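Here are my notes after a pass through the model, point by point. Have it open beside you as you read.

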Amino acid sequence: MIIVTGGAGFIGSNFIREWLASGQEPVVNLDKLTYAGNLKSLADVEHDPRYRFVHADIGDRATVSALLRETRPRAIVNFAAESHVDRSIQGAGEFIATNIVGTFNLLEAVRAHWDLLSLSEQGSFRFLHVSTDEVYGSLAGQEPAFTERHQYEPNSPYSASKAASDHLVRACHHTYHVPVVTTNCSNNYGPYHFPEKLIPLMILNALVGKPLPVYGDGQNVRDWLYVTDHCSAIRLVLANGRMGETYNVGGRNERTNLEVVNIVCSLLDELKPRADGNSYATQISFVRDRPGHDRRYAIDATKIENELGWKAAENFESGIRKTVQWYLGNQEWVQSVTSGEYRNWMDSQYGKAAE
Ligand code: NAD
Ligand code: TYD
């Protein structure tokens, strides 16, 4: 069996659903259930006998060690993290605690466990660390996309904390020989995405008639990948990735934020037109830029494509349509994640723009 950490979040919940659908192997989901963790995202698999949830912090070494002793997993996929750049700007404490100290404690528990395995079990064991392209910093307009050899230049507290975790994972392999692999992926989108992030926030705000807050001039570029394509990349790297290596994952789908918001608006115009006949794009509102806002991210996925044969199944047009349709069809899930803590965040981040 495998252990997934952070499986109640956006990407982890998609990964667990696909894992159970694509094979027989059981999965344990270890998650602290922060504001971003939601077991409703896994309601359809919660009674599957191959699925088990454990409510715990990756930084709780005793609990993680006991779980490792009990379950003897062949692999761990580490999704658990604080993941929102804007929150890291408002306060980075939780990012340091989970992404750096938490990852360190998790690695310590894993290392102690791995040391006691038989030689053959040691050889087949994998710790897969899920990371981000944001560790590479920001690209200028025509610069080539990030390869695995690009220098680390993290600019936000979030990306700095993820960069630190990547280094700890690397050191754990280099120093202690624990078999690790790391993936650095571009921006994901798709079902179960928490609506503090650009795409789901725009869909939800549009539907309730709120402004669509575009930071700065809206010309920042992100390289969007549909979430299940990220999950298929992780499964491939887990199966065939070379230990100690890192693999960049991205869909070659660079878009400016304004383009993305306009596409979301036109899909909503088609699928759920406004009562007054106006386009949702009339709700776009340019707001104060994010401090230190990275201009452009772009991933060169040649290594994973050539070495492991990975290819994205969705392009942006197909993926964004599925995403908008999913949000329109899953208002119950939306209601369940947009109560209490979510409203506090919207008020503190967007102030009057959120009204
Ligand atoms: P998310 O914020 O939606 O989910 C994070 C999950 O981790 C939540 O379920 C939360 O409860 C859990 N968690 C947080 N702290 C924990 C702790 N101390 N112990 C155990 N569980 C904890 O994040 P996501 O968007 O699903 O991202 C998952 C991973 O992928 C992160 O490591 C992130 O850095 C990385 N990543 C995300 C993107 C993206 O576009 N969302 C892109 C590339 C990489
Ligand atoms: P986000 O979804 O927060 O992902 P990341 O910062 O990790 O790339 O933001 C994606 C882009 O959208 C980023 O350039 C910031 C921008 N953005 C807005 O313009 N308005 C918003 O309300 C949000 C949340 C993001």
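1. Let's begin with a helix pair. Helix 2 (residues 61-71) and helix 4 (residues 93-115) have axes that come within 9 Å and cross at roughly 35°. The crossing of helix 2 past helix 4 is right-handed. Keep in mind throughout that this is a predicted model.

2. Who touches whom in that pair? From helix 2, the residues in contact are Arg61, Val64, Ser65, Leu68 and Arg69. They meet Phe104, Asn105, Leu106, Glu108, Ala109, Val110 and His113 of helix 4. Sorted by class, this contact between helix 2 and helix 4 comes out as six nonpolar, three polar and three charged residues.

3. The other pair to look at is helix 1 (residues 10-22) with helix 8 (residues 227-240), where the packing angle is about 65° and the axes are 9 Å apart. This crossing, too, is right-handed. On the helix 1 side you'll find Phe10, Ile11, Asn14, Phe15, Glu18, Trp19 and Ser22. Helix 8 answers with Val227, Thr228, His230, Cys231, Ile234, Arg235 and Leu238. The class split for the contact of helix 1 with helix 8 is eight nonpolar, four polar and two charged.

4. On to ligand 1. How many residues surround ligand 1, and which are the closest? There are 28, and the closest are Ile11, Asp31, Ser83, Tyr158 and Lys162. Ile11 is worth a second look, as this residue also takes part in the contact of helix 1 with helix 8.

5. For polar contacts of ligand 1, check the backbone. A polar backbone atom of Ile11 sits 2.8 Å from an oxygen atom of ligand 1, and for a polar backbone atom of Phe10 the distance to a ligand 1 oxygen is 3.0 Å. Val130 also has a backbone N or O atom 3.5 Å from an oxygen atom of ligand 1. As for exposure, ligand 1 taken alone would show 830 Å², and the protein buries 97% of that.

6. Where does the shell around ligand 1 come from? Helix 1, strand 5 (126-132) and helix 6 (157-176) are the elements giving two or more residues. Strand 5 gives the most, with three residues. By class, the ligand 1 shell holds 13 nonpolar, eleven polar and four charged residues.

7. Now ligand 2. It has 19 residues around it, and those that come nearest are Glu134, Arg222, Arg290, His293 and Tyr350. Two of these names come back when you list polar contacts. The side chain of His293 places a polar atom 2.6 Å from a ligand 2 oxygen, while an N or O atom in the side chain of Arg222 is 2.7 Å from an oxygen atom of ligand 2. Leu198 joins in through its backbone, with a polar atom there 2.9 Å from an oxygen of ligand 2. Of the 510 Å² that ligand 2 exposes when taken alone, 97% is buried by the protein.

8. Last, the make-up of the ligand 2 shell. At least two residues each are supplied by helix 3 (85-90), helix 7 (198-207) and strand 8 (212-215). Which element gives the most to this shell? That's strand 8, with three residues. The classes around ligand 2 are eight nonpolar, five polar and six charged. For setting beside that, the ligand 1 shell has four charged residues.

Methods. Residues numbered from 1 in each chain as written. Chains lettered and ligands numbered in written order. Predicted model: local features only at pLDDT ≥ 70, side-chain atom pairs only at ≥ 80, totals over all residues. Heavy atoms only, no water. Axes fitted to C-alpha atoms, helices over the stretch in contact; angles between N-to-C directions. Helix = DSSP H or I, 4+ residues; strand = E, 2+ residues; numbered from the N terminus. Left-handed = near helix turned anticlockwise from the far one by under 90°. Contact = heavy atoms within 4.5 Å. Nonpolar A, V, L, I, M, F, W, Y, C, P; charged D, E, K, R; others polar. Near = heavy atom within 4 Å. Polar contact = N/O pair within 3.5 Å; in protein donor to acceptor, adjacent residues only side chain to side chain. Areas by Shrake-Rupley, 256 points an atom, 1.4 Å probe, with all protein chains shown as cover.
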